Amino acid sequence: MDIREARAEDIEGIRTVAHHSLAASYGHALEDDIIAQAVERWYDEETLVDDLDDSNTEFLVAVDDDRLVGFAQSYVVERRETVGEIDWLHVEPDSRGIGLGDELLAALEQRLLDHGVTRIEGRVLAANEAGTDFYENEDFEAIGERTVEIGGEPFVEKLYSKFPETGGRQVLSEAATLPDGRQVYVALDESVRGSNGPFYSVYLDRDRTERYGYLCGNCDGFAVSMDTMGRVVCEDCENRRKPTRWDASYL
């Protein structure tokens, strides 16, 4: 088994693995056409070429006898800290159970550490029990969840976090003051990617029981709005949320 950087000639194999893996992990919860549509949108050739050329993207593939059997993809994102966001880790169904996912994750973590990452995040739908078990067995901590809509149906997506150099969970909250003088708490471990910087979840209490909205990581402004379709935009600097994974704007 060889784990190496993904190359342009791997694109078709990446698409095939993604389709087979998504069908095996989510086929009980999602219709075949939704899975096929997701693969077409997320793994089209142009998107993959851009990712392969991006210095802040780590894209590894596992190859067995010249056959691509798995891959791991992550982005290095500068927030208040440097974070590695695991977008996907896929393994062919007939290559599961032999530790390939563990090897891919270990190789990916080392690459992310070389970027100066201090925390790694992963997301998986709660409907994928094997995926949630995988993160928990790899010493990731479940730190939150959100509801996403896929094909008109609501699904829970769980967020996992890991501090590879120190181990254990660290809850990251930063006190901030609103323009009207009220104190709020910025959850540094709850964010979504934006066009110019991340958007951080903001709460009215340190225990995160009452949500306020978002802080724009590009201009540190609170003038952030979200419409009924989940589009997030900063009214001060026009930083806009980028759709990821199962966002409705993708499907």
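This report describes the sheets, salt bridges and aromatic contacts of a predicted model.

## Seven-stranded sheet

Seven strands make up an open sheet with mixed pairing, and their order is S1-S2-S3-S4-S5-S7-S6. The edges are taken by strand S1 (2-5) and strand S6 (141-150); each has a single partner strand, so one side of each is left without a neighbour in the sheet. From one strand to the next, the twist averages 25°.

At the S1 edge, the partner is strand S2 (residues 57-64), and S1 and S2 pair in the antiparallel sense over four bridges. Within this pairing, Arg 4 stands opposite Val 61 in S2. Helix H1 packs on the sheet, where it touches S2, S3, strand S4 (82-91) and strand S5 (119-125). The direction of H1 makes about 90° with that of S3.

## Four-stranded sheet

A sheet of four strands is also open, with the order S8-S9-S10-S11 and antiparallel pairing. Strand S8 (173-177) and strand S11 (211-216) are the edge strands, each pairing on one side only. Neighbouring strands here are turned by 40° against each other on average, direction ignored.

Strand S10 (residues 199-203) is joined to S11 by five bridges in the antiparallel sense. One of the residues involved is Ser 201, whose bridge partner in S11 is Tyr 214. Tyr 214 returns below, in the sections on aromatic pairs and on charge over rings.

## Salt bridges

The count of salt bridges comes to eleven. One of them links Glu 40 and Arg 15, with the closest N and O atoms 2.7 Å apart. Glu 40 lies in helix H2 (residues 32-42) and Arg 15 in helix H1 (residues 11-26), so this salt bridge ties together parts that are 25 residues apart in sequence. How exposed are the two residues, Glu 40 and Arg 15? Glu 40 has a relative accessible area of 47% and is therefore partly exposed, whereas Arg 15, with 17%, is buried. H1, the helix that holds Arg 15, is also the helix that packs on the seven-stranded sheet.

Two further salt bridges join residues whose numbers can be read directly from the sequence. Glu 9 and Arg 7 form one, and their closest N and O atoms are 2.9 Å apart. Glu 9 counts as exposed because its relative accessibility is 58%, while Arg 7, at 40%, counts as partly exposed. Arg 123 and Glu 121 form another, with the closest N and O atoms 3.7 Å apart. Both ends of that bridge fall under the 20% limit for burial: Arg 123 is buried at 18% relative accessibility, and Glu 121 is buried with a relative accessible area of 1%. In addition, Glu 5, Glu 58 and Arg 111 are linked in a network of salt bridges.

## Aromatic pairs

How many aromatic pairs does a search of the whole structure find? The search finds eight. Among them is the pair of Tyr 43 and Phe 71, with ring centres 5.8 Å apart and planes at 75°, so the pair is edge-to-face. Tyr 43 lies in the loop between H2 and helix H3 (45-53), and Phe 71 lies in strand S3 (residues 67-78), so the pair ties together parts that are 28 residues apart in sequence. Tyr 43 and Phe 71 are both buried.

Phe 199 and Tyr 214 also form an edge-to-face pair, at 6.2 Å centre to centre and with 70° between the planes. Because Phe 199 lies in strand S10 and Tyr 214 in strand S11, this pair ties together parts that are 15 residues apart in sequence. Phe 199 and Tyr 214 are buried. Elsewhere, Phe 134, Tyr 135, Phe 140 and Tyr 160 form one aromatic cluster.

## Charge over rings

Which rings does the charged end of Arg 211 sit over? One is the ring of Tyr 203, with the charged end of Arg 211 at 5.7 Å from the ring centre. The other is the ring of Tyr 214, where the distance to the centre is 4.7 Å.

Tyr 214 thus has several contacts: Ser 201 is its bridge partner, its ring pairs edge-to-face with that of Phe 199, and the charged end of Arg 211 sits over its ring.

Note on methods: Residues are numbered from 1 along each chain as its sequence is written. This is a predicted model: local features need pLDDT of at least 70, side-chain atom pairs count only at pLDDT 80 or more; totals for chains, interfaces and linings use all residues. Side-chain values use heavy atoms; hydrogens and water are left out. Two strands pair if DSSP finds at least two bridges between them. Helices (H or I, at least four residues) and strands (E, at least two) are DSSP runs, numbered from the N terminus. Axes are lines fitted to C-alpha atoms, for helices over the stretch in contact, and angles run from 0 to 180 degrees between N-to-C directions. A salt bridge is a side-chain nitrogen of Lys or Arg within 4 Å of a carboxyl oxygen of Asp or Glu. Buried means under 20% relative accessible area, exposed over 50%, partly exposed in between (1.4 Å probe, protein chains only). Rings of Phe, Tyr and Trp (its six-membered ring) pair if their centres lie within 6.5 Å; planes under 30 degrees apart count as stacked, over 60 as edge-to-face and the rest as tilted. A charge sits over a ring if NZ of Lys or CZ of Arg is within 6 Å of the ring centre and within 35 degrees of the ring normal. Contact means heavy atoms within 4.5 Å.
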